[in-house]
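The following briefing is meant to be read alongside the sequence and the structure. It begins with a strand and its partners, and then turns to a loop residue, the ligand surroundings and the nonpolar core.

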Amino acid sequence: MLKDVLNGLMERYQQRVPDVAAVIAAMIKEGIIQQAEDIENDHIAFRTMGVPQLGVQSLEKIFLHYGYTKMEKYHFPAKKLDAWWYAPPAPQYPRIFISELLVEALSPAAQQIIHSYTGEVKSDPVNALNLDDAVAVDSFLHSSLWRTPTLADYQLLAAESEYAAWVIYNRYYLNHFTVSVHNLPSGYNTVADFNVFLEKHGFQLNDAGGKIKTSPDGRLLQSATVAGMITAEFAGGDQFRIAGSYVEFAERKVLPEFAHLPAGEIRREHRREGFEAGNADKIFESTYATQTKKSS
Ligand code: OOG
Ligand code: NI
């Protein structure tokens, strides 16, 4: 069930984010991994509109049903976002990070635009889903939810919240998957080394706050590619290049209480867990114009 839903998400994500296949191909060519399945997916992330019938409270029900546990909350005052992370039911599954736009904190004009779309969804759509039907859940996660936005609305939203504009067009498309680097061969098992490899292969890294985002405890290090641009089709046939999704890289260091364990015995529970608001704040910008102006 969960596996089918995750596979469906990864499949559509790969189709629209060329960097995914390109990163995997570069890792195989370099001999870092043998095949795509060797990659440990640290986490995946979704973005949502925080309106009563949608938002985190709606989308999370799918993953809570599959055994995920809701963990810490993070708040991003400048970006007007809240987010939570969810621990998986078993270590072979990725963590999940779901954020939501605090719609009520936006200007009345932006709120009105958002509600004109989200208002088409009359009640929480997840309540009407049979969560035991993986095909139904997969098609829901890739459904349009509301009408195709106009380019004018997209641009008005983008001027106030790039996150809002991203969600109004991209809906629940997977925002990123995350290559876990700490279990890779030496030379590639730190974010610093992995970034060197990525840049050597021509990948553009998000440099908001520096290319390596480090938690204050020094144990969670993250980097991300700049989102590639996609040709979006807006209402009335207007076409415009907008940010799609990106790829992230994470290194979780061993906790001090497990520092004595031999390398072969280190498992997920011995490493730094969770997320970090300061890191996340900069990673969100992988789809923001300040970063995507560097991608094509
Ligand atoms: C999520 C950004 C935060 C992390 O790992 O902290 C994040 C997003 O861009 O939607 O992915
Ligand atoms: Ni992430």
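## Strand β7 and its surroundings

In this predicted model, strand β7 (residues 220-224) is largely enclosed by the rest of the structure, because 5 of its 5 residues are buried. The side chains of β7 divide between two directions, with L220, Q222 and A224 pointing one way and L221 and S223 the other way, and all of them are buried.

**Pairing of β7**

- On one side of the pairing scheme, β6 and β7 run antiparallel and are joined by 2 bridges, with T214 standing opposite L221 of β7.
- The hairpin that β6 and β7 form has 5 residues between the strands, and within this hairpin G218 adopts a positive phi near 75°.
- Strand β10 (residues 246-252) also pairs with β7 in the antiparallel sense, here over 5 bridges, and A250 in β10 is the bridge partner of Q222.

**The loop before β6**

- G209 is found in the loop that lies between α8 (191-200) and β6 (213-214).
- This glycine, G209, counts as partly exposed because it has 14 C-beta neighbours inside 10 Å, a count that falls between the limit of 12 or fewer for exposed residues and that of 20 or more for buried ones.
- Although 67 residues separate G209 from E276 in sequence, their C-alpha atoms are 14 Å apart in space.

**The shell around ligand 1**

- Q222, one of the buried residues of β7, is also among the residues around ligand 1, which include A45, R47, F97, S99, N175, E248, F275 and N279 as well.
- The shell around ligand 1 draws at least two residues from each of β1 (41-49), β4 (95-101) and α9 (277-283), and the largest share, 3 residues, comes from α9.
- In terms of residue class, the shell around ligand 1 consists of 6 nonpolar, 4 polar and 2 charged residues.

**The largest nonpolar core**

- The largest nonpolar core has 70 residues, of which I96, A164, I168, V181 and V247 touch the most other members.
- Helix α7 (residues 162-170) gives the most to this core, contributing 7 residues.
- When neighbours within four places in sequence are left aside, A164 is in contact with L101, L106, A110, I114 and L157.

Conventions: Residues are numbered from 1 along each chain as its sequence is written. Chains are lettered from A and ligands numbered from 1 in the order in which they are written. This is a predicted model: local features need pLDDT of at least 70, side-chain atom pairs count only at pLDDT 80 or more; totals for chains, interfaces and linings use all residues. A residue is near a molecule or strand if its C-beta atom, placed from the backbone, lies within 6 Å of it. Helices (H or I, at least four residues) and strands (E, at least two) are DSSP runs, numbered from the N terminus. Ala, Val, Leu, Ile, Met, Phe, Trp, Tyr, Cys and Pro count as nonpolar, Asp, Glu, Lys and Arg as charged, and the others, Gly among them, as polar. Two strands pair if DSSP finds at least two bridges between them. A nonpolar core is a set of buried Ala, Val, Leu, Ile, Met, Phe, Trp, Tyr and Cys residues joined through C-beta atoms within 7 Å. Two residues are in contact if their C-beta atoms, placed from the backbone, lie within 7 Å.
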